[in-house]
Every structure is written in C-alpha cells, then in structure tokens.
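The following exercises ask the reader to describe a molecular structure step by step. Please examine the sequence and the structure before reading each solution.

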Amino acid sequence: MNLEMGLFVFMLATFVGLEIIRKVSPLLHTPLMSLTNAISAISVVGAILITGASNATMLSKVLGFVAITSVFTNIVSGFLITDRMVKMFKRPGEKK
Amino acid sequence: MAQLVQYIYIVSAALFILSLKWMNRPASSRRGVWAGATGMVLAVVGTLIGFPGLLGGAGIGNVHNWAWIAVAMIIGGAVGVPIAYIMPMTAVPQRTALSHACGALAAALVGTAEFYQSNALHEPLPGFKLVALVIETLLGFLTFTGSLMAMGKLQEVLPQRPITYRNQNTVNFVLFAIALGLAVRLVLVPSDTFLFPIFVGLSLLFGVLLIIPIGGADMPTVIAILNSYAGLSACAMGFALGNNLLVVAGALDGSSGLILSIIMCRAMNRSFTNVLFGAFGQIQTKTAAKEQRPVRSASPEEAAAILEASSSVIIVPGYGLAVAQAQHKIRELFDNLTRRGIDVKFAIHPVAGRMPGHMNVLLAEADIPYDRLYEMDDINSEFPQCDVALVIGANDVTNPAARHDKTSPIYGMPILDVDKAHTVMVIKRSMNPGFAGIDNELYYMDKTLMLFGDAKAFVTEILKELPARVAA
C-alpha cells in the first residue's frame with residue numbers, strides 16, 4: 001500500500017464515519033462509544049503481525065503479547081457489554 | 001492467499017460500517033453489535049490464514065510464536081468476559097475510559113515493537129511509514145495515560161477538581177514541542193534509538209498533564225476526545241503497516257469520537273480549547289457568599305397530591321439520580337402515574353450522566369421504555385404546557401440563568417426550560433450548590449417546590465402516598 005492510497009481510504013472512511021455517526025440516535029451514544037471502542041481494537045491485526053513474524057525479536061514478542069492481551073480484553077468486553085446495553089432498550093409493553 | 005485476505009478485509013470493513021449504521025436506532029442496534037463482532041472475527045481469522053511470509057507468499061504456515069498469540073488471546077478473553085457482565089451500568093464511563101487506555105496502549109506497543117524491529121533487522125522503513133509510526137506511538141501513549149487519569153477521576157480515586165499550577169499551558173506546550181522535536185529527529189535519523197525511550201516517556205507524561213487540569217464535569221467531553229485519539233492511533237498503525245482495514249476502522253472510531261465531543265461541547269456551550277485548557281470549575285468559587293433567599297418546600301404527601309392532580313409530568317433526571325440508585329423507584333413512579341392516565345415523559349440533557357448518552361442507558365436498565373426518553377431539543381417546547389416538571393438530581397442544566405444572566409459562568413449553555421412548567425418540583429438533598437458551584441435561581445421561583453431529601457427515599461415516600469389515595 002502506498003501513502004496516497006492510504007490517505008484516499010482514510011478520507012473516504014472519515015466522511016462515511018461522520019455521516020453515519022451523525023444519524024445515530026442520542027439514546028444510543030453510550031453503546032455507540034463502547035462499540036466503536038471494540039471496533040478500534042482492530043489493532044489486534046497489527047499486534048498479531050508483530051508477534052507472529054518468524055523474525056520477531058524477543059522485544060517484539062513481549063510487546064506484541066501485551067498488546068494482544070489488552071486489545072483482546074477490549075474486543076471481548078466491548079462487544080459483550082454493548083450487547084448487554086442495547087438489550088436494555090425496550091419499547092412500551094415490551095417488558096422482560 | 002494474499003489476495004483472499006484482502007477480500008476478507010473488505011468484507012470486514014463493510015461489516016464495521018454497517019455495524020455503526022445499525023446503531024442509528026434501538027430496534028436494529030443488536031444486529032449492529034453482531035455485525036461488528038463478525039467483522040472482528042473475520043479480521044483476526046483473515047490475518048492468521050493470510051499471514052505474510054518473509055520471502056513473499058502468504059499462508060497460515062508463516063505464523064510463528066503461536067503460544068504467545070494464543071495465551072495472550074486467552075488471557076484477554078478471560079479478563080474481558082467478567083468485565084462485560086459484572087460492570088454496573090453506573091460504572092460504564094470508567095470501563096470505557098479503561099478500554100480506551102487498553103486500545104491505545106496496544107497501538108503504542110505495536111508501534112514501539114515495529115520501530116525496534118526494523119532497527120534490529122536493519123530494514124529501514126520508508127519515510128511516511130516512520131511518520132505514521134511515531135504518530136501512532138505518540139497518540140497511543142498519551143491516550144493511555146490520559147485515559148487512565150480520566151478513569152481515576154470518574155472512579156473518584158483522583159480528585160475531581162481540576163489540578164492547576166502556574167504556567168500550566170506553557171509547560172504543557174513546551175513538553176509537547178520537545179516530544180514533537182524528538183519525533184521529527186526519530187523520523188530523520190531512526191538509528192538514534194536511544195531517543196525513543198525519552199520520546200515514549202514524554203508522551204506518557206503529556207497524557208497525564210493533559211487531563212489533570214480538566215474537571216470532573218467535563219469528563220463526558222474528555223472521554224469522547226480520547227475515543228477519537230484511540231481511533232486515530234489505530235488509523236496511524238494502518239498507515240505504518242500498510243493495512244487499509246486498520247485505516248478504515250480507525251477512521252470510523254476517530255470520526256465517532258469527534259462527533260460525540262462536538263455534541264458534548266455544544267451542550268455545554270464550550271469550545272474544544274476551552275475544555276482542554278480552560279480548567280473549568282476553577283473560576284466560580286466565589287459565588288457561595290450570597291444572602292439567604294426564601295424557598296418553598298413541600299412534604300411527600302403534598303408532592304403526591306400535586307402529581308396526582310396533574311395530567312402531564314416531565315421528569316428531569318440528572319446524575320444525582322444514579323448516585324442515589326433511584327432509577328428503579330423512578331420506574332415505579334412512572335408506572336404508577338401512567339396507570340392513572342397521566343402523561344409522563346423524561347427530558348434528557350445531553351450531558352446528563354458521566355458520558356454521552358449515559359442517562360438513557362441508566363433509565364433503560366430500569367425498564368423505562370425508550371420512547372418516553374426525550375432529547376432536549378425535542379422536549380423544550382413542551383414545558384410550557386406541562387403541569388409538573390419533576391427535577392431529580394439535576395442542577396446546572398435547569399438553571400434559567402444560562403438564558404439571561406450574562407455574568408453567570410454557564411451563560412449561553414443550552415438548558416432544559418424547566419422553569420416554564422406550571423409547577424416545578426425539585427428533589428434535592430440540601431440547598432448546597434451543585435458541581436459547578438453555581439446557585440440555581442430556579443429554586444427561588446414562586447412556582448418551585450423544593451423536596452428536601454435523598455432522591456430514592458423521597459420517591460419511595462411519594463409512592464407510599466399514591467396508592468393510599470387510589471383506595472380512598
């Protein structure tokens with residue numbers, strides 16, 4: 001990937017993000033934030049690439065290990081707690 | 001295989017976008033969560049099965065150090081599950097701050113590892129990748145300590161009051177300039193590895209210094225800004241690794257944090273710079289010495305009688321309600337009044353609670369139907385026709401001074417027009433001013449009745465009066 005291509009993708013994704021997020025109901029801003037937080041744990045990809053490389057140095061392995069651990073905590077707790085929250089939003093008459 | 005991975009990443013990016021799109025309303029929000037989780041699983045699987053080899057080619061066979069990866073995932077998962085299920089809803093802001101910290105730490109550590117790796121192997125990175133890498137590391141480390149500080153303030157282990165000292169902004173600026181200077185030097189001469197730990201140390205320190213002058217009342221904005229930074233550091237990682245999926249996901253997170261922080265700033269009539277460098281809450285400590293003005297107070301019986309006689313009630317909840325754990329009692333009151341044919345609505349100010357949208361989650365948890373929760377702009381026109389406005393645990397967001405008193409520190413802040421209701425009732429512990437230390441003139445109006453007591457206890461008392469009247 002070259003720089004221009006990356007910037008192009010970044011620009012488009014930012015505008016898509018701004019438009020989509022603007023439409024999110026304020027009711028759901030808290031779950032939205034935990035969801036985007038879980039999604040930004042996509043840095044797990046980088047952490048795996050660093051840790052799993054055949055020429056990874058000891059330092060890379062240790063830092064990668066800590067990175068995967070913390071980011072995996074985010075993935076698991078982020079999606080689960082968002083689901084727990086959105087489940088609570090009930091329409092009238094829709095009691096548990 | 002290398003091709004296949006790219007296709008998997010495209011699907012994954014599309015799922016992330018759909019995931020956020022489906023968050024636009026409660027009915028589709030669960031689908032949104034599942035789309036996001038599926039996208040994440042695809043991203044991880046795709047990365048593993050298309051792992052790049054050193055001499056070109058890609059495949060799962062190129063993955064080394066399986067034990068490190070697997071153990072890290074197991075530990076992360078084992079920590080994550082209890083966090084998700086045990087965390088009470090009042091503590092969600094702290095959890096969010098903690099996960100910003102974790103995410104940012106991961107990005108920063110990956111950046112650090114990459115930096116040393118390329119140096120150790122004498123494989124210099126192209127210039128723009130190095131730039132991305134230092135940005136990733138800088139943002140990552142400062143968001144890490146900044147989020148930990150925010151979490152400490154939310155959890156109240158750190159003082160809520162802004163911590164200020166002389167020339168604070170100058171000190172911060174100089175530190176940041178040094179960090180930037182080091183970053184530039186590292187990009188130009190990456191072999192100066194001895195500078196890297198200093199750069200890391202400054203980034204960490206800067207995160208702390210950035211948050212300590214910000215008061216507890218501004219935490220909703222700060223969390224949103226940190227959310228944005230965490231996203232941008234993931235995005236920078238995408239540039240450093242040449243991975244478009246990271247760029248997309250990071251940009252989505254970054255723009256989400258940006259929009260939420262703009263909404264929060266607007267709701268408090270503040271600018272970004274003012275939140276970050278203004279040390280709010282410090283200025284108005286002198287308003288305390290005011291003459292005692294008379295207020296009207298009422299008993300639970302009287303409050304119950306007024307509520308019973310009304311035909312429309314708007315409840316204005318604030319964070320004080322959550323502190324008193326009164327959500328479920330409010331639900332009982334809501335049910336009781338609704339059964340009598342009284343129209344009950346909830347007016348939610350954007351900064352009610354400790355993070356954007358927090359109050360909605362707290363009320364939803366107490367089984368209050370979400371179509372009864374109204375945003376400020378949608379409900380303000382209804383206050384003049386409303387019989388009773390019942391304010392519970394909210395203060396500054398109901399202060400009419402924000403509309404007309406130019407000397408008030410909150411002048412210009414959008415408020416809920418509670419004072420326009422026919423009768424106003426305020427449940428409050430005492431006449432002590434609220435968090436920002438500003439006297440609320442709403443309390444001295446002729447139509448206002450102060451209900452002194454703990455929110456939960458007082459609502460319980462009101463409820464005791466209500467069924468008795470039905471029987472009679």
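**Exercise 1.** What is the mean pLDDT of chain A, and what percentage of its residues reach 70 or more?

*Solution.* The model is predicted, not determined by experiment, and the confidence is therefore examined at the outset. The mean pLDDT of chain A is 92. A value of 70 or more is reached by 95% of its residues. Among the elements of chain A, helix α4 (residues 58-88) has the highest mean pLDDT, 96, and helix α1 (residues 3-22) has the lowest, 94.

**Exercise 2.** Describe the fold pattern of chain A, and decide whether the chain is spread out or compact.

*Solution.* Begin with the elements: chain A contains four helices and zero strands, in the order α-α-α-α along the sequence. Next, consider the dimensions. The C-alpha trace spans about 60 × 35 × 15 Å along its principal axes. For 96 residues the globule rule gives 12 Å, whereas the radius of gyration of chain A is 18 Å, well over that value; chain A is therefore more spread out than a compact globule. Finally, 67% of the 96 residues in chain A are buried.

**Exercise 3.** How many residues does each chain give to the contact between chain A and chain B?

*Solution.* Chain A gives 82 residues and chain B gives 101. On the side of chain B that touches chain A, the elements that give two or more residues include α1 (2-21), α2 (26-49) and β3 (373-375) of chain B. The largest share of that side, 18 residues, comes from α4(B). By type, the residues of this side of chain B are 60 nonpolar, 31 polar and ten charged.

**Exercise 4.** Identify the domains of chain B and describe how they meet.

*Solution.* The domain assignment divides chain B into domain 1 (2-277) and domain 2 (300-471). Their C-alpha centres lie 38 Å apart. In the contact, 19 residues of domain 1 of chain B meet 17 residues of domain 2 of chain B. On the domain 1 side, α4 (92-120), α8 (219-241) and α9 (244-267) of chain B each give two or more residues. That side holds 15 nonpolar residues, four polar and no charged.

**Exercise 5.** Where does the largest nonpolar core lie with respect to the two domains of chain B?

*Solution.* The largest nonpolar core has 192 residues, and V316(B) and I392(B) have the most contacts inside it. The element that gives the most to this core is α8(B), with 16 residues. Because domain 1 and domain 2 of chain B both give residues to this core, it lies between them. Leaving aside neighbours within four places in sequence, V316(B) is in contact with several residues, among them A347(B), I392(B) and V418(B).

Key. Residues numbered from 1 in each chain as written. Chains lettered and ligands numbered in written order. Predicted model: local features only at pLDDT ≥ 70, side-chain atom pairs only at ≥ 80, totals over all residues. pLDDT = per-residue confidence, 0-100. Domains from an automatic or database assignment. Contact = placed C-beta atoms within 7 Å. Nonpolar A, V, L, I, M, F, W, Y, C, P; charged D, E, K, R; others polar. Core = buried A, V, L, I, M, F, W, Y, C linked by C-beta atoms within 7 Å. Buried ≥ 20, exposed ≤ 12 C-beta atoms within 10 Å, placed from the backbone. Rg over C-alpha atoms; globule rule 2.2 N^0.38 Å.
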